[in-house]
Amino acid sequence: MNPLTRINPTELAPPTGFSHAVAATGGRLVFLAGQTALDGDGKVVGATLPEQFETALGNLLTALRAAGGSPAALARVTVYATDVADYRSHAPELGRIWHRLAGREYPAMAVIGAVRLWDEQALVELDGIAVLD
């Protein structure tokens, strides 16, 4: 049984690419550190936001799987973008990347604009919280 329940009240605008709330019961919490588009050698790869988003999300999911979880266990993901307008303009493509890598379930999410990230070449960073059975 999944310890997460996604809640999307009809009184709120329909969510696109996120859930309004996620309730967790029982289980083990996994806190996922911010992941950028670093390859195995520690170098940022990808010249565009979608390329970097795909690698960063893949890195986040790799850490989650190493902790024993799957994408469905994600309760919360925060996206830090150095250019929120660029992020918004690529939203449909980013949604397709999410579907391919993480499936159709969305955690509670937020996108936050950041002047720069730890890795100067990084355009996007994702961190998260997962709840495992």
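**A working chat on A81, α1 and the rest of the fold**

Me: Quick one on A81: buried or exposed?
Reply: A81 counts as buried, at 1% relative accessibility. Buried means under 20% relative accessible area, exposed over 50%, and partly exposed in between, using a 1.4 Å probe and protein chains only. Keep in mind that this is a predicted model, where local features need pLDDT of at least 70, side-chain atom pairs count only at pLDDT 80 or more, and totals for chains, interfaces and linings use all residues. Residues are numbered from 1 along each chain as its sequence is written, and side-chain values use heavy atoms, with hydrogens and water left out.

Me: Where is A81, and what is it in contact with?
Reply: A81 is in strand β4. Strands are DSSP runs of E, at least two residues, and helices are runs of H or I, at least four, numbered from the N terminus. Leaving aside neighbours within four places in sequence, A81 contacts Y87, V111, I112, G113, A114 and L123. Contact here is heavy atoms within 4.5 Å.

Me: And how far is A81 from A114 in space?
Reply: Their C-alpha atoms are separated by 5.7 Å, though A81 and A114 are 33 residues apart along the chain.

Me: OK, zooming out. What's the order of helices and strands?
Reply: From the N terminus on, the protein chain runs β-β-β-α-β-α-α-β-β. That comes to three helices and six strands. The radius of gyration is 14 Å, close to the 14 Å that the globule rule gives for 133 residues, so the protein chain is as compact as a globular protein of that length. That radius is taken over C-alpha atoms, and the rule is 2.2 Å times the number of residues to the power 0.38.

Me: How much of the chain is buried?
Reply: Buried residues are 36% of the 133 in the protein chain. Also, among contacts between residues at least 6 apart in sequence, 73% join residues at least 24 apart.

Me: Back to helices. Why does the length of α1 look right?
Reply: Helix α1 covers residues 49-66, and at 1.5 Å a residue its 18 residues should span 26 Å; the end C-alpha atoms are 25 Å apart, which agrees. The expected span is 1.5 Å times one less than the number of residues.

Me: Which α1 residues are buried, and what covers them?
Reply: The buried ones are L49, P50, Q52, F53, A56, L57, N59, L60, L61 and L64. Their cover includes β3 (28-35), β4 (74-81), α2 (84-89), α3 (91-102) and β6 (124-132). After α1 comes G68, with a positive phi near 100°.

Me: What about T36, buried or exposed?
Reply: T36 is buried, with a relative accessible area of 5%, and is found in the loop between β3 and α1. Beyond neighbours within four places in sequence, T36 has contacts that include A56 and N59, plus E125.

Me: Where does E125 lie, and which residues does it contact?
Reply: E125 lies in strand β6 and is buried, at 17% relative accessible area. Away from neighbours within four places in sequence, E125 is in contact with G34, Q35, T36, T78, V79, Y80, L117 and W118. The C-alpha atoms of E125 and G34 are separated by 5.9 Å, with their positions 91 residues apart along the chain counted as the sequence gap.

Me: Last residue: how exposed is A24?
Reply: A24 counts as partly exposed, at 44% relative accessibility. A24 sits in strand β2 (residues 21-24) and, neighbours within four places in sequence aside, contacts P3, L4 and V131. C-alpha to C-alpha, A24 and E54 are 27 Å apart in space and 30 residues apart in sequence.
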